[in-house]
Each structure stands twice: as structure tokens, then as C-alpha cells.
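Dear colleague,

Please find below the structure that I am handing over to you. A short account of what was found in it follows.

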Amino acid sequence: MVILTTLVGCSVTPPQNKTNLCEIFYEKEDWYDAAADMRDKWGVPIHVPMAMMYQESSFRHDALPPRDYILFGLIPWGRVSSAYGYSQAKTPTWDDYVRETGNSWASRDDFEDAIDFMGWFINKTNKINGVSKWDAYAQYLNYHEGWGGFKRKTYLKKKWLVEVSKKVKQRALTYAAQLKKCEDDLNKSWWQRLLFG
């Protein structure tokens, strides 16, 4: 029982080095498998949702948005939104994902489900607003503002959001360069790594 608790506890801790995609995937090999499945299913490059997820939750499975306060900021009153988990997916959008994919057992605090949700969203952004799946900057603006908000260019009134989106783009470029160096190794099976290093 103690061993099981320890394993479960370890499985949901954020990666030790969040700035290096190779180290993230070496530490959490099942994350790479889930990200690769997402890429193959939705045609979305791994580095884009991973950079967005870093921004949204810092890879915390139980991440929540800030609390809302009433009466001049004195009394906590719920959360500012229904966003939750690795992807910070809001409940209505998550419900759309579950309905459209049939993934009824999906959970926002499960990495595999969260990365698949992000692949689904990025793919829909491409179809709805014509944004390239490789464009982390515009994809993040859609993710934050929604498809309608992006069309209306609501982000133009949010200088802070534009700056954050630039950071997401830069992190995505960094992650892409890092992944190029280790993806062949990550694609080896566990016994190939054991035998050939």
C-alpha cells in the first residue's frame, strides 16, 4: 500500500526541469508516448501544446485559476473560471471535447487526456480560424480568448496577453529545437535503451 501511494504521488508531480522538453520526457516517458499519440491523431506538433501547457499550469495536474473575491476583495468567492488541470480546460469546452471525441472517461487531471484535449483544440482552431497548427503564438491567443474572441481580435485590448503569447511562441521554438536532439532516442523501446544506451 505504501509503495502504491508513493508511485501515485510520483506520477502526478510536475517535471523537475520544465524548461527542457527532452528532460521532461526522459523523466516521464509515458508523457512522450501520450504526446506522440496526440501528434499522430490530430497532426499537431508536440512542442506547441507542451509550450501552452507550461504556460497554463506549469505541468501541475491539479492547477486551478485564482480565487475570486467579493466585498472589496475581502471574502473569497469561488474561482475566476472553471478551468482545471494540466490544460486549464474550462468545463464547457471540455464537455464539447468529450462529446465530440467520445472520450467519456477523460479527466482533466490526467496528462494523456489533457494533451489529447489540447491537440483537439489546436486542430479545431486550424479548421475554424485557419491558424497553422505550428503557430504557437496565434494558437495560444485562440486558446485564451476562444475562437469567437480571436475572430473579434479581443486580444488587441490585452497587451499582457499578447506578451504572454510571445513567450509561449518562444518556448515552443525552444522545445522544438530540444526535441529534435532527443526524439530518436525517445522513440527507442525500453529494451533498445537498455541494450544500446
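A residue is called exposed when its relative accessible area is over 50%, buried when that area is under 20%, and partly exposed in between. By that measure R99 is exposed, because its relative accessibility is 58%. Please bear in mind throughout that this is a predicted model.

Salt bridges

As general background, side chains of opposite charge can pair when their charged atoms come close. In this model, eight salt bridges are counted. Three of the pairs are described here.

R99 takes part in one of them: its side chain meets that of D96, with a distance of 3.1 Å from N to O. Both residues belong to helix α5, which covers residues 91-101, and since they are three residues apart, about one helical turn separates them. D96 has a relative accessibility of 29% and is therefore partly exposed, whereas R99, as noted, is exposed.

Another pair links two helices. Which residue forms a salt bridge with E183? The partner is R39, and the closest N and O atoms of the two lie 2.9 Å apart. E183 is located in helix α8 (residues 159-186) and R39 in helix α3 (residues 29-42), so this salt bridge ties together parts of the chain that are 144 residues apart in sequence. With a relative accessible area of 28%, R39 is partly exposed.

Helix α8 also holds a pair of its own, E163 and K166, which are three residues apart and thus separated by about one helical turn. Their side chains meet in a salt bridge at 3.3 Å, N to O. E163 is partly exposed at 37% relative accessibility, and K166 is likewise partly exposed, with a relative accessible area of 45%. Elsewhere, R39, D40 and E183 are joined into one network by salt bridges that share partners.

A buried residue

Finally, I would draw your attention to T125, which is found in helix α6, residues 111-129. Is T125 buried or exposed? Its relative accessible area is 0%, and because buried means under 20%, T125 counts as buried. Which residues does T125 touch, leaving aside those up to four places away in sequence? They are G130, V131, Q139, N142 and W147.

With kind regards

Technical notes. Residues are numbered from 1 along each chain as its sequence is written. This is a predicted model: local features need pLDDT of at least 70, side-chain atom pairs count only at pLDDT 80 or more; totals for chains, interfaces and linings use all residues. Side-chain values use heavy atoms; hydrogens and water are left out. Helices (H or I, at least four residues) and strands (E, at least two) are DSSP runs, numbered from the N terminus. Buried means under 20% relative accessible area, exposed over 50%, partly exposed in between (1.4 Å probe, protein chains only). Contact means heavy atoms within 4.5 Å. A salt bridge is a side-chain nitrogen of Lys or Arg within 4 Å of a carboxyl oxygen of Asp or Glu.
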